[in-house]
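Student: I've got a model open and I'd like to know what stands behind the labels people put on it. Can we go through them one at a time?

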Amino acid sequence: MATESENVKMSDNTMPRGDLCTRTLAMPADTNPSGDIFGGWLMSQMDIAGGVLASQIAEGRVATIAVDGMTFHRPVYVGDVVCVYGDIERIGNTSMVLHLESWVLRRNQSPRIKVTEATFTFVAIDSEGRPRPVRRDEVAV
C-alpha cells in the first residue's frame, strides 16, 4: 500500500512517458491467488509492447536481453484496461534500451493510473538469431 507521500508523488505523474505501444484488457484468467492480476502477466505485456517498439526501431526481429528496475506501483484488477507506453532511452550498435510504463484505465474511474515501469533492453537479431546493427541514422530519437 502506498504512503501518503507516495500518493502525492504519483499523482503528479499524470502523463505517460512515450508512445502507446499496446492496449489490452485484464481478465480473470490472469489473476494471482489474491485475486489481483499476476505480476508476471503484466511483465509479459510490457515485454510484448517493448518488442513492438523495438522491432519498429530495428526494422526487424529483436530479442529481449534484460529487464531492469521493474517497479510495481499499484495492483491491476480484472477489468482494467492496461495501456503500455514506450520511450527510447538509448540506441547502441545492435541494442536499444527502452523505458516502458503500464497505465490502467479502471472501470468507471478516471484518470488513468501508472501501475508499473521498467527499463527493457532489446537486441536486433538476424534470421539466425545473431546480433545485427541497428541503422541509427534512420531512427528518430
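Tutor: Sure. This is a predicted model, and we can begin with Asp 87, which counts as partly exposed because its relative accessibility is 26%, between the 20% and 50% cut-offs.

Student: What makes Arg 17 and Asp 87 a salt bridge?

Tutor: Their closest N and O atoms are 3.0 Å apart, and the limit is 4 Å, so the pair qualifies. Arg 17 sits in the loop between helix H1 (4–12) and E1, while Asp 87 is in strand E3, so the pair ties together parts that are 70 residues apart in sequence. Arg 17 is partly exposed as well, at 32% relative accessibility.

Student: Which residues make up the salt-bridge network?

Tutor: Arg 17, Asp 87 and Glu 89 are joined into one network by salt bridges that share partners. The structure holds 7 salt bridges.

Student: How do you know that Arg 106 and Asp 80 form a salt bridge?

Tutor: Same kind of check: N to O is 2.3 Å, and that falls within 4 Å. Arg 106 belongs to the loop between E4 and E5, and Asp 80 to the loop between E2 and E3, so the pair links parts 26 residues apart in sequence.

Student: Why are Arg 106 and Asp 80 called buried?

Tutor: Buried means under 20%. Arg 106 has a relative accessible area of 12%, so it passes, and Asp 80 passes with 2%.

Student: What about Asp 126 and Arg 130?

Tutor: Their side chains meet at 3.7 Å, N to O, so this pair is also within the 4 Å limit. Asp 126 is partly exposed at 21%, and Arg 130 is partly exposed at 48%.

Student: Why is E4 said to be largely enclosed?

Tutor: Because 9 of its 11 residues are buried, E4 is largely enclosed by the rest of the structure.

Student: How do you know that E4 pairs with E3 and E5?

Tutor: Pairing takes at least two bridges. Strand E3 (residues 81–91) and strand E4 (residues 95–105) are joined by 10 and run antiparallel; E4 and E5 are also antiparallel, with 10 bridges. Ser 102 shows both sides: Val 84 stands opposite Ser 102, and Thr 116 in E5 is another bridge partner of Ser 102. A hairpin through 3 residues joins E3 to E4.

Student: What makes E1 and E2 edge strands?

Tutor: The open sheet of 5 strands has the order E1-E3-E4-E5-E2, with antiparallel pairing. Strand E1 (19–25) and strand E2 (62–72) each pair on one side only. From one strand to the next, the twist averages 25°. Helix H2 (residues 39–58) lies across E1, E2, E3, E4 and E5, at about 50° to E5.

Student: Why is Thr 121 called buried?

Tutor: Thr 121 is in strand E5 (residues 113–124) and has a relative accessible area of 11%, under the 20% cut-off, so buried is the right word. Leaving aside neighbours within four places in sequence, its contacts include Ala 63, Ile 65, Ser 95 and Val 97.

Student: And how many disulfides are there?

Tutor: The count is 0, with sulfur atoms needing to be within 2.5 Å. Among the cysteines, Cys 21 is buried at 18% and Cys 83 is buried at 3%, since both values fall under 20%.

How values were computed: Residues are numbered from 1 along each chain as its sequence is written. This is a predicted model: local features need pLDDT of at least 70, side-chain atom pairs count only at pLDDT 80 or more; totals for chains, interfaces and linings use all residues. Side-chain values use heavy atoms; hydrogens and water are left out. Helices (H or I, at least four residues) and strands (E, at least two) are DSSP runs, numbered from the N terminus. Buried means under 20% relative accessible area, exposed over 50%, partly exposed in between (1.4 Å probe, protein chains only). Contact means heavy atoms within 4.5 Å. Axes are lines fitted to C-alpha atoms, for helices over the stretch in contact, and angles run from 0 to 180 degrees between N-to-C directions.
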